[in-house]
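Reader: I am new to this structure and would like a close look at one part of it. Could you choose a stretch, take me through it slowly, and explain each term as it comes up?

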Amino acid sequence: MSSSSRRDLILILDFGGQYTQLIARRVREQKVYSEIHPFNLPVARIRELAPRGIILSGGPASCYDPEAPHVSNEVYDLGVPILGICYGTQLTALQLGGKVVPAERREYGRATLRVKSAGGLFHGFSAGEELPVWMSHGDRVETLPAGFEVIAESANCPAAAVAAPDRKFWGVQFHPEVAHTPRGQEILANFLFRICGAEPSWTMAGFVGEAVAAVSARVGTTGHAVCGLSGGVDSSVAAALVLRAIGARLTCIFVDTGLQRAGESAQVESLFRDAFKADLRVVEASERFLGKLAGVTDPERKRKIIGGEFIAVFEEEAKKLSATTGGADFLVQGTLYPDVIESVSAKGPSATIKSHHNVGGLPERMHLKLVEPLRELFKDEVRALGAELGLPHHVLWRQPFPGPGLAVRIIGEVTRVRCDVLRAADSIIEQEIRAAGLYESIWQSFGVLLPVRTVGVMGDERTYADTLALRAVHSRDGMTADWVQLPYDLLATISSRIVNEVKGINRVVYDISSKPPATIEWE
């Protein structure tokens, strides 16, 4: 689906800022569509996109450094309203004739902003009003270009917000997109609606029709698509959307690796075969996967083995499909917008942060054309879309689960017995987290089976059994995470139930590591 078909687009040019994705999310929360592109997007392409407004993101560089990223001066002559945030403001000041210098001291954290000029970006605020904002910068604008004025200041930043209406530029040194700037959404809303004149028309209800039409046009009237279902949110929503677009010409394949959560296969069958009447092929391949993993303890080898076997099984099923349907032309993937963003570096197209292929290497090997109906959406938007498509709440709000499944939550060798032990313990964790009303507020909560056996006492008898580590984290996107301070009584209940109900575990410990320095998953 092309963003150029939409009337209103806010284009975000990325200079490598840590909050760039958050800017896009905040714009979309105002029901205005936004896209992130590298700072060096050609001006001709910007004209094609025809944005209502442009936001220049923050970034780690100092704009006066010779190697610092710059935007083409032609961008300022497009006649499109521009909002600079932090680096975007400094860069604009420098490029249009002002001066930027290192600040006497780096300003990071809360600051108090004083509004000097109400209206425009500060519509709804009063001159002289003070409000808390979040600063994160080491440089400051010392001299403004001609035609610019200061519209807000702070004790350490005389040009905390600037405006040049004749140049259609507004800039802030603070970060309105973060939660630490409580009225940041009001400031962004003023830019979107009062300055850019955007319409709040970006909704999932409206997106459904557009996406269905786009999938139908891509696949055509005779094309057949195949989708690998994992039981997770992304693949489920992608499958439901494509199913609405092409119906019986979509075949879903669920590979039971033996490494899934409890009840995964039954849930997928219940939803797609029974409720959605989809052509679902369930492949029992647990013996195959566990056989390949026998004796393997290295985490990377586990991942490569699982990925390679999944591709092999999928290819075999696709060949069988060819014999019954004439073959598949398209592969449906649940690629999300953060995957797309991370595949394009802020340094331009030559330096890629990382490539994302949800079914590693599969499209190239099978020569299938991709259908990625979710590639414009963030996770919260995917859940909203799923609700519009009729997926049940418990499916949409399942916590993220690693592609290799339980294999990367079993430290050491993966066996059927160890999978069954961990699956049983993990089921108890989920039950108790849900009973405490915490499941949807926690990013992930799960167990990790350790290759550590300890002595215990049960029923007056000595035991020598495995240790389970309990992990629960808060996160927004999985990039960083903080461990959850679960209530002691909940920890006690989980530990007691696991030790008493899961044969093979006699000790439960709680992981209180954050990311960084640790990772969310143990392997």
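Author: What follows looks at one helix and the sheet beside it, and then adds some other places for comparison of detail.

The model is a predicted one, in which local features need pLDDT of at least 70 and side-chain atom pairs count only at pLDDT 80 or more, while totals for chains, interfaces and linings use all residues. Residues are numbered from 1 along each chain as its sequence is written, and side-chain values use heavy atoms, with hydrogens and water left out.

The helix is α5, residues 204-219; helices (H or I, at least four residues) and strands (E, at least two) are DSSP runs, numbered from the N terminus. The expected span of a helix is 1.5 Å times one less than its number of residues, so the 16 residues of α5 should span 22 Å, and this agrees with its end C-alpha atoms, which are 22 Å apart. Its buried residues are Met 204, Phe 207, Val 208, Ala 211, Val 212, Val 215 and Val 219. These residues cover an arc of only 130° around the axis, which puts them on the same side of α5, the arc being that of the directions from the helix axis to the C-beta atoms. An α-helix has 3.6 residues a turn, so residues three or four places apart point the same way. Here buried means under 20% relative accessible area, exposed means over 50%, and partly exposed is in between (1.4 Å probe, protein chains only). What covers the buried residues of α5 includes α6 (233-246), β13 (330-332), β14 (369-371) and α12 (379-388). Just after α5, Gly 220 takes a positive phi of about 80°.

Two of those covering strands, β13 and β14, belong to an open sheet of 5 strands, which has the order β12-β11-β10-β13-β14 with parallel pairing. The edge strands are β12 (279-284) and β14, each of which pairs on one side only; two strands pair if DSSP finds at least two bridges between them. Neighbouring strands of this sheet are turned by 25° against each other on average, with direction ignored.

Within that order, β10 (residues 225-229) and β13 pair in the parallel sense over 3 bridges, and Cys 227 stands opposite Val 332 in β13. The pairing of β10 with β11 is likewise in the parallel sense, over 5 bridges, and in β11 the bridge partner of Ala 225 is Leu 250. Of the 5 residues of β10, 5 are buried. Both of its faces are covered, with Ala 225, Cys 227 and Leu 229 on one side and Val 226 and Gly 228 on the other. Helix α6 lies across β10, β11 (250-256), β13 and β14, running at about 155° to β10. Axes are lines fitted to C-alpha atoms, for helices over the stretch in contact, and angles run from 0 to 180 degrees between N-to-C directions, while contact means heavy atoms within 4.5 Å.

Aromatic pairs are the next topic. A search of the whole structure finds 10 aromatic pairs; rings of Phe, Tyr and Trp (its six-membered ring) pair if their centres lie within 6.5 Å, and planes under 30 degrees apart count as stacked, over 60 as edge-to-face and the rest as tilted. The rings of Phe 310 and Phe 314 have their centres 5.6 Å apart and their planes at 35°, so the pair is tilted. Being 4 residues apart in helix α9 (residues 299-325), Phe 310 and Phe 314 are separated by about one helical turn, and Phe 314 is buried, with a relative accessible area of 0%. The rings of Tyr 337 and Phe 378 also have their centres 5.6 Å apart, but their planes are at 80°, so the pair is edge-to-face. Tyr 337 lies in helix α10 (residues 337-342) and Phe 378 in the loop between β14 and α12, so the pair ties together parts that are 41 residues apart in sequence. Tyr 337 counts as buried at 6% relative accessibility, as does Phe 378 at 2%.

A strand elsewhere, β9 (residues 169-172), has both faces covered, with Phe 169 and Gly 171 buried on one side and Trp 170 and Val 172 on the other. It is joined by 4 bridges to β4 (residues 82-85), which runs parallel to β9, and by 4 bridges to β8 (residues 157-164), which runs antiparallel to β9.
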